[in-house]
Amino acid sequence: MRTNLSVEEALSLVLEGARGELSVEELPLREAYGRVLAEDLASLVDHPDQDDTAVDGYACREADTLLASPERPVRLRVIGEAPAGKPFLGEVGQGEAVAVYTGAPIPRGADAVIRVEDTRREGAYVLFLAPASPKDIRPKGDDLRRGEVYLRRGDLLTPGRLGLAAAMGHPRVRVYRRPRVGILSTGDEVVEPGEPLPYGGVYNSNAYSLLGLVLEAGGEPVLLGKVPDSPEAVMAKLEEAGHLDLLLTSGGVSMGEYDVVRKVLEEKGEVVFWKVRQQPGGPLLFARLGGLPVLGLPGNPVSSMVTFFLYGRPFLFRLLKRTEPPYGTLKARAETPFKGAKGKKVFRRGVLSLAQGPSVRTTGNQSSGVLRSMAFGNALVVLPPDQDAREGEEVEVIPLTFVP
């Protein structure tokens, strides 16, 4: 067992542990939002499938309108119309125009379009108050070309990508199965919301914070309830969990007499590492139990959320072969001071604003027990070991994507 690792060393070992191969399932598009593609998708069609108009107006021959102006309008005869989905089947000749509507194919013989606001209709004729132009004609294949790959394995199906898959002609897609993530809370003091809270008790917030984080990272959370501070109870619960791709335990991984998760995993499994030089979340544990990866998260609610975000989220992204990184960073100006820690990389909770250039201020009390800082903060301010940040200095920031 390795101990007292840097954040970078710990993350590397966690990612090495994401070795599982997720099965693939095929879903109709209406059920595929938020899933991760397990195959490249090429377009089955050209879009548009022929030259069409980007505006409502009139299609004509450009040469007929070159001298048009409000003072000297050009008069053309209207020989038909082409709403979207009902193309004009004739041909536009000299001195003729066809009324076209956005998305309609350009009629044969026409090579230009004028917007309707630059015309005036007079019965069977239309007056052009400006020259027509090819600029509002969308060429065939302008958006999609048949056979070209536009979505790739590992892409998350966002609303835009779901629409793109439909535009390419795919009614169904192959996606990775959601990783099943067990969430197990420990502690005699932990009580489910809605139950009477005994003296010294605490409601089980971690299970529900982690549930949201797992869903947001693309996993399927499996709530396993809580177990008391008993090695036998912990082991029994783990054995009955069923197939999981990752197990999250909350609490029981520190150095106290009742921190039984660490003791169970040391006796029954293989502890890869324990303790990371970071704040909050230092007593993080990563282990294997019969081949099941286990992330032992600290019990304090902020520590639990931060460590999952920094390690559990990348683990699930690696399993899902996601094409984008699990989180990004940016530079921001500190509106308030942020305090570092000796020998530890620090992740302070902050409120990030992009209104007048990126800036970030503290959420206030940075205790790992103050869950409000994760509820109303939207960023982690990253401080290297032994380094504070003063007001006005530039700091590294990780936006928290689970905050609206």
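**Exercise 1. A charge over a ring**

Find the residue whose charged end sits over the ring of Trp-274, and describe its backbone and its exposure.

*Solution.* Welcome to this predicted model. Step one: the charged end of Lys-275 is placed over the Trp-274 ring, 5.4 Å from its centre. Step two: Lys-275 belongs to strand β19. Step three: look at the backbone. Most residues other than glycine have a negative phi. Lys-275 has a positive phi, near 85 degrees. Step four: the relative accessibility of Lys-275 is 29%, which lies between the limits of 20% and 50%, so this residue counts as partly exposed.

Now try a second case: which residue lies over the face of Tyr-125? Here Arg-75 takes that place, at 3.8 Å from the ring centre.

**Exercise 2. Classifying aromatic pairs**

State how many aromatic pairs the whole structure holds, then classify the pair of Tyr-58 and Phe-128 and the pair of Phe-273 and Phe-286.

*Solution.* A search of the whole structure gives 3 aromatic pairs. To describe such a pair, we need the distance of the centres and the angle of the planes.

- For Tyr-58 and Phe-128, the ring centres are 6.4 Å apart and the planes meet at 55 degrees, so this pair is tilted. Tyr-58 is in strand β5 (residues 57–60) and Phe-128 in strand β10 (residues 125–128), so the pair links distant parts of the chain, 70 residues apart. Both Tyr-58 and Phe-128 are buried.
- For Phe-273 and Phe-286, the centres are 6.0 Å apart with planes at 40 degrees, so this pair is tilted too. Phe-273 comes from strand β19 (residues 270–276) and Phe-286 from strand β21 (residues 285–289), 13 residues apart. Phe-273 and Phe-286 are both buried.

**Exercise 3. Two helices that cross**

Describe how helices α1 and α6 cross, and say which residues make the contact.

*Solution.* Begin with the geometry: the axes of α1 (residues 7–16) and α6 (residues 301–320) come within 9 Å and cross at roughly 35 degrees. The crossing is right-handed. Next, list the contact residues. Helix α1 brings Val-7, Ala-10, Leu-11, Val-14 and Leu-15, while α6 brings Leu-310, Tyr-311, Pro-314, Phe-315 and Arg-318. Finally, sort them by character: 9 are nonpolar, none is polar and 1 is charged.

**Exercise 4. The buried side of a helix**

Name the buried residues of helix α5 and the elements they pack against.

*Solution.* In α5 (residues 260–268), the buried residues are Val-260, Val-261, Arg-262, Val-264 and Leu-265. Their packing partners are helix α4 (231–239) and the strands β14 (180–186), β18 (246–250), β19, β21 and β22 (292–297).

**Exercise 5. Backbone surprises**

Locate the cis peptide bonds that lead into Pro-48 and Pro-280, and find where Asn-4, with its positive phi, lies.

*Solution.* As background, most peptide bonds are trans. The bond from His-47 to Pro-48 is cis, with omega near -10 degrees, and Pro-48 lies in the loop between β3 (41–42) and β4 (52–53). The bond from Gln-279 to Pro-280 is likewise cis, with omega near -5 degrees; Pro-280 is in the loop between β20 (278–279) and β21. As for Asn-4, its phi is near 60 degrees, and its place is in strand β1 (residues 2–5). With 42% relative accessibility, Asn-4 counts as partly exposed.

Definitions and conventions
Residues are numbered from 1 along each chain as its sequence is written. This is a predicted model: local features need pLDDT of at least 70, side-chain atom pairs count only at pLDDT 80 or more; totals for chains, interfaces and linings use all residues. Side-chain values use heavy atoms; hydrogens and water are left out. Axes are lines fitted to C-alpha atoms, for helices over the stretch in contact, and angles run from 0 to 180 degrees between N-to-C directions. Helices (H or I, at least four residues) and strands (E, at least two) are DSSP runs, numbered from the N terminus. A crossing is left-handed if the near helix is turned anticlockwise from the far one by less than a right angle, and right-handed if clockwise. Contact means heavy atoms within 4.5 Å. Ala, Val, Leu, Ile, Met, Phe, Trp, Tyr, Cys and Pro count as nonpolar, Asp, Glu, Lys and Arg as charged, and the others, Gly among them, as polar. Rings of Phe, Tyr and Trp (its six-membered ring) pair if their centres lie within 6.5 Å; planes under 30 degrees apart count as stacked, over 60 as edge-to-face and the rest as tilted. Buried means under 20% relative accessible area, exposed over 50%, partly exposed in between (1.4 Å probe, protein chains only). A charge sits over a ring if NZ of Lys or CZ of Arg is within 6 Å of the ring centre and within 35 degrees of the ring normal.
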